[in-house]
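Visitor: I'd like a close look at just one part of this protein, please. Could you walk me through it slowly, as I'm new to this?

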Amino acid sequence: MKKLAGVFSTKKKNGELYYRSSITYRKKHISLGSFSKEREAHEAYLEADRILKNPQLSIDHYQPHSLSFEKAVILFNFRDNDMYIGTPIYIRNRFFQYYFSKDLVLTFDIDDLFYYSSHKIMKRGGHFFVADYGMQVNILNRYGIKNFGVKNRDYVFKNGDDTDFRYENIQIINRYHGVLQIKKNGKTFYKVKIHIKGDYTVGYYPDEITAAIAYNKAADVFRQKGYVKNFPVNFIENLLPSQYADIYSQVQISHTITAYHNSQKKCSDLPLP
């Protein structure tokens, strides 16, 4: 029996036979996947061959059949941009698109191409993340957005498209843990809250740096009082240790927190500044 093009057979550890499909293009050997039937593996090869040899086929209108959609995207990008990338990325003019699925396409600045070429995007609970050094990292962290940041409260997509992750499209409103920007009577100030069996108001501050440090100070007070909790720490970039120390020593936090003990009830908000 004539061997089908692009197919070779192999066996699993239990002796079961299966088939692998592959294709060579521009001197690169590309694996197309594993299949239980020889015909399926051959059809994947034929589909890959059509994509690579027919420039009239467009990624925007193509419906994969035997190939996975992710593999089809990789082949289209290799054909059109002469760059083989192992994740489902298609390079456009000055940006690229990450095809999470046929119906969900994410847009990124070209500066992020190297990162997402080696980091596969996953989704859980409405959040996109990658595995980085053994940890699950929310992709919003790359923009300085805190974990569990809330869209339209802590950050906004300027053009209203929450799949457009280009830097110019993302505006951060609240970048620090426990800090919430508030606007009232034409003024902007920052409210700080910390959670201990309920929300405690730490205070109101004129700028977000002072507010972020106030949160850290409140967390330190709770730790010193023996409250065991993994409080997040606000890291302030471009601030000298001496500058941080000056603000930390001078910033005032609610007396309810400094006088806290385990039976303390939830405090009420402090008056606005």
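Visitor: How many residues lie between β5 and β6 in the hairpin they form?

Guide: Before we zoom in, keep in mind that this is a predicted model. Now to your hairpin: β5 and β6 have 2 residues between them. The two strands run antiparallel, and 6 bridges join them. To see one of those partnerships, find Gln 97, whose bridge partner in β6 is Thr 107. In general, strands of a sheet pair through backbone hydrogen bonds, either parallel or antiparallel. Strand β6 covers residues 104-109, and 5 of its 6 residues are buried, so you'll find it mostly covered.

Let's stay with β5 for a moment and look at its rings. Strand β5 spans residues 95-101 and holds Phe 100, while Phe 128 belongs to strand β8, residues 127-132. A search of the whole structure turns up 20 aromatic pairs. Take Phe 100 and Phe 128: their ring centres are 5.6 Å apart and their planes meet at 75°, so this pair is edge-to-face. The two residues are 28 apart in sequence, so their pairing ties together parts from β5 and β8. How covered are they? Phe 100 has a relative accessible area of 31%, so we call it partly exposed, whereas Phe 128 is at 11% and counts as buried.

Next, a pair from further along the chain. Tyr 143 and Tyr 167 have ring centres 4.8 Å apart and planes at 45°, so theirs is a tilted pair. Tyr 143 sits in the loop between β9 (135-138) and β10 (155-157), and Tyr 167 in the loop between β10 and β11 (170-172), so you're looking at a link between distant parts of the chain, 24 residues apart. Here, too, the partners differ in cover: Tyr 143 is buried at 10% relative accessibility, but Tyr 167 is partly exposed at 35%.

Now put these rings together. Phe 100, Phe 128, Tyr 143 and Tyr 167 are among the members of one aromatic cluster. Other members include Phe 96, Phe 108, Tyr 115 and Tyr 116.

Tyr 115 has a charged visitor, by the way. The charged end of Arg 142 sits over the Tyr 115 ring, 3.8 Å from its centre. There's another case of this kind at Phe 95, where Arg 166 lies over the face of the ring, at 5.0 Å from the ring centre.

Arg 142 has a second job for us to look at: a salt bridge with Asp 112, with the closest N and O atoms 2.8 Å apart. Asp 112 is in the loop between β6 and α3 (113-117), and Arg 142 is in the loop between β9 and β10, so their bridge ties together parts 30 residues apart in sequence. Asp 112 is buried, with a relative accessible area of just 2%, while Arg 142 is partly exposed at 33%. Elsewhere, Lys 146, Arg 153 and Asp 154 are joined into one network by salt bridges that share partners. Over the whole model, the count comes to 14 salt bridges.

So here's the route to trace again on the screen. Start at the hairpin of β5 and β6, step from Phe 100 in β5 across to Phe 128 in β8, carry on through the aromatic cluster to Tyr 115, and finish at Arg 142, whose charged end sits over that ring.

How values were computed. Residues numbered from 1 in each chain as written. Predicted model: local features only at pLDDT ≥ 70, side-chain atom pairs only at ≥ 80, totals over all residues. Heavy atoms only, no water. Phe/Tyr/Trp six-rings, centres within 6.5 Å; stacked < 30°, edge-to-face > 60°. Helix = DSSP H or I, 4+ residues; strand = E, 2+ residues; numbered from the N terminus. Buried < 20%, exposed > 50% of the residue type's maximum accessible area, 1.4 Å probe, protein only. Lys NZ or Arg CZ within 6 Å of the ring centre and 35° of its normal. Pairing = 2+ DSSP bridges. Salt bridge = Lys/Arg side-chain N within 4 Å of Asp/Glu carboxyl O.
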